[in-house]
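My notebook is open, and today I am looking up how the strands of one sheet fit together. Follow along with the picture as I go.

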Amino acid sequence: MRWVEETKLTYVSAQAIIVRNKTLNSYYASGSNEVQYLRLDYHGARIGPMFKEHWPHIHVYEDGEPRFPCDQSSSGNIVIDFFDFIYRNYYHSKWLDWAELVWDDQAANLGISPNPFPAIQQAFDAHQIPSLLGKYRPYIELMKRAWRENNDALLPLFIDNEKCRLLSYTV
Ligand SMILES: [Zn+2]
């Protein structure tokens, strides 16, 4: 990882080996079929052939295709978002613990009571999409902003989203 001027990310190659139902030591000792390789790539001064690769992108194999767009936020904080993506996908209950902790602080600061977090979580689990889009909408907006601000404060390294959007296939 490289950056300039405190917060401008210029290069990332971040590898994650997700090993499920094993420790990393037992994986190295005897292998496992339940392993997922992910790598976040971004090179601020190099780009792939015309619109072949999202810039930045995620690999699911050590080399070559396919390269996926990352789950990229509006702030351009791709490194922390990569870790957030891994936790939300592979360790969702841990992610939920973190999300609730961050939100609880914010809810207390804003004087929001009762805390809508458990009801919103249940609404997701029960596929209550109209409630999520309706009465819970303002809380969901506040929650996502609280998580965003928490993550951006935790590791404040950003890419230029507009530059990357123009030179990626995303419209
Ligand atoms: Zn790459």
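Entry one. I began at a pair in the middle of things: valine 19 has valine 35, in β3, as its bridge partner. I kept in mind that this is a predicted model.

Entry two. I followed that pairing along. Strand β2 (residues 8-19) and strand β3 (residues 35-43) are antiparallel and share nine bridges. Another of their pairs is alanine 14 with leucine 40 of β3. A reminder to myself: strands of a sheet pair through backbone hydrogen bonds, either parallel or antiparallel.

Entry three. Next I went to the start of the chain. Strand β1 (residues 2-4) runs antiparallel to β2, and three bridges join them. Here valine 4 has lysine 8 of β2 as its bridge partner. The hairpin of β1 and β2 has three residues between its strands, and glutamate 5 takes a positive phi near 45° there.

Entry four. Which strand pairs with β3 over three bridges? I found strand β4 (residues 57-59), again in the antiparallel sense. In this strand, histidine 57 stands opposite aspartate 41.

Entry five. Now I could put the sheet together. It is open, with five strands in the order β1-β2-β3-β4-β5, and the pairing is antiparallel. Which strands are at the edges? They are β1 and β5 (67-68), each of which pairs on one side only.

Entry six. Last, I looked for what lies across the sheet's strands. Helix α2 (residues 78-90) lies across β2 and β3, and I noted its angle to β2 as about 20°.

Conventions:
Residues are numbered from 1 along each chain as its sequence is written. This is a predicted model: local features need pLDDT of at least 70, side-chain atom pairs count only at pLDDT 80 or more; totals for chains, interfaces and linings use all residues. Two strands pair if DSSP finds at least two bridges between them. Helices (H or I, at least four residues) and strands (E, at least two) are DSSP runs, numbered from the N terminus. Two residues are in contact if their C-beta atoms, placed from the backbone, lie within 7 Å. Axes are lines fitted to C-alpha atoms, for helices over the stretch in contact, and angles run from 0 to 180 degrees between N-to-C directions.
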